[in-house]
Amino acid sequence: MTPPALLTLDDYRKFSEKNLVKLARDYYESGAEQEESLRRNISAFNNLLIRPRCLRSVENIDTSIDWLNGKKSVFPVGIAPTAFQKMATLDGELSTVRGAAASNSIMICSSWSTTSVEDIGKEAKIVGATIWFQLYVYKDRAITESLIHRAEAAGVEALVLTVDTPVLGRRLKDTYNKFSLPKHLKFANFESNTQAEMPKGHVGESGFMQYVSSQIDPSLDWNTLKWIRTKTNLPVIVKGVMRGDDALLALEAGVDGIIVSNHGGRQMDCTVATVFITCDKMQISYDLFFRLNLYQKFSEQLTIEFLFGWMVAYEMDEIF
Ligand SMILES: Cc1cc2nc3c(=O)[nH]c(=O)nc-3n(C[C@H](O)[C@H](O)[C@H](O)COP(=O)(O)O)c2cc1C
Ligand SMILES: CCCCCCC(=O)C(=O)O
């Protein structure tokens, strides 16, 4: 059967309903607690209005950006890290890395991919994709360090430290569903069963919640960031910053970039919408403004990347 034309995000979402089991769809789509942040992210973006200029030639437009180290990409949208992609397709992360190459984007590989970083790295070399690696910090620092070194050896060009997940947000749907990874899937970056397998869920606690509370280090702080910097020469970007004062601390800590994010409303409910987080106290000028994630270089410019979305490239004051 010829697949239908999928033109909008909503088309994709509806199409996926036929192909995803409820457990996976709920995991992919849900936010924390009452999902106020998740709804606010969407409505805040939908309420942005554009006042377009007229009689400006659009014959030659340049949407290119420099993600890092002078590497130009004509497509200024990155693919945010997304765990457990094989719940959606057989090829999982390999499909995404091919998509990243085809669209001249970058892929941020999740620590919790269902394909190992080595296999994603091999495919990235074949198809010519740029990959970065998103890091979760384990209580066992030896595990964390080994992840960093394996990602480096696999050819990633930057490390992205997620800083908004010292504990897992309470996702009610996952809890009701007693969410755990389907039996045939594992955390592909780990060998030992303790890290590679997600426990079964039980009443009132998903398997995912048990995994995170037993493995992930809730003491994550600025010292952890310093420690990471001693373990790698790769650029380090922090993801999940929501305030200007924290952005300044990140800058003082010598990070190479920040991603402003409330984790799609999946971590803490009742937060400000990502799109409205102003970078107060930051001496930068805005040149691009997008929807979900926001990747920022501490140079003259601000660029923003978003997951499966669309972009507007206007000056900030043209939007409101
Ligand atoms: C299904 C799913 C899995 C995700 N997995 C990860 C992950 O492994 N690591 C991570 O840092 N963020 C993860 N995220 C968060 C996204 O990278 C991204 O921050 C979010 O979808 C968009 O929200 P934002 O605009 O507030 O960043 C995941 C999001 C979704 C929807
Ligand atoms: C330590 C926090 C776990 C979150 C894991 C994956 C993710 O980011 C998401 O589901 O959202």
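A polar contact here is a pair of N or O atoms within 3.5 Å; within protein, one of the two must be able to donate a hydrogen and the other to accept it, and residues adjacent in sequence count only if both atoms are side-chain atoms. The structure is a predicted model, so local features need pLDDT of at least 70 and side-chain atom pairs count only at pLDDT 80 or more, while totals for chains, interfaces and linings use all residues. Residues are numbered from 1 along each chain as its sequence is written, chains are lettered from A and ligands numbered from 1 in the order in which they are written, and side-chain values use heavy atoms, with hydrogens and water left out.

Ligand 2 makes a good starting point. Its shell consists of Tyr27, Trp112, Tyr136, Thr165, Leu168, Arg171, Phe208, Val212, Ile216, His263 and Arg266, where a residue gets in if one of its heavy atoms lies within 4 Å of the ligand. Sorted by type, that shell has seven nonpolar, two polar and two charged residues. For this sorting, Ala, Val, Leu, Ile, Met, Phe, Trp, Tyr, Cys and Pro are nonpolar, Asp, Glu, Lys and Arg are charged, and the others, Gly among them, are polar.

Oxygen atoms of the ligand meet several polar side chains. For Tyr27, a side-chain N or O atom sits 2.6 Å from an oxygen atom of ligand 2. Tyr136 brings a polar side-chain atom to 2.7 Å from a ligand oxygen, and Arg171 also has one at 2.7 Å from an oxygen atom of ligand 2. On its own, ligand 2 has 340 Å² of accessible area, and the protein covers 95% of that. Such areas come from the Shrake-Rupley method with a 1.4 Å probe; for residues, only the protein chains shown count as cover.

The UniProt record (an unreviewed entry) has something to add: its "binding site" annotation covers Tyr27, Tyr136, Arg171, His263 and Arg266. Of these, His263 is included in the lining of the second largest pocket. A pocket is found on a 1 Å grid over the protein atoms alone, as an open set of points with protein on both sides within 12 Å along at least five of seven lines, and lining residues have an atom within 4 Å of a point. UniProt positions follow the numbering used here, feature names are shortened, and annotations may be inferred rather than shown by experiment.

Where do Arg171 and His263 sit in the fold? Arg171 is in the loop between β5 (159-162) and α7 (172-176), and His263 is in the loop between β7 (257-260) and β8 (289-290). Helices (H or I, at least four residues) and strands (E, at least two) are DSSP runs, numbered from the N terminus. Arg171 is buried at 5% relative accessible area, and His263 is buried at 13%; buried means under 20%, exposed over 50%, and partly exposed in between (1.4 Å probe, protein chains only). His263 also has a positive phi of about 60° despite not being a glycine.

Lys178 is not a glycine either, yet its phi is positive, about 50°. Lys178 belongs to the loop between α7 and α8 (193-196) and is partly exposed, at 38%.

Elsewhere, Glu123 in helix α5 (residues 117-127) is buried at 15%, and its side chain makes a polar contact of 2.9 Å with the side chain of Arg98. Gly257, in strand β7, is buried at 0%.

Key
On a 1 Å grid over the protein atoms alone, a cavity is a set of points where a 1.4 Å probe fits but cannot get out, and a pocket is an open set with protein on both sides within 12 Å along at least five of seven lines; lining residues have an atom within 4 Å of a point.
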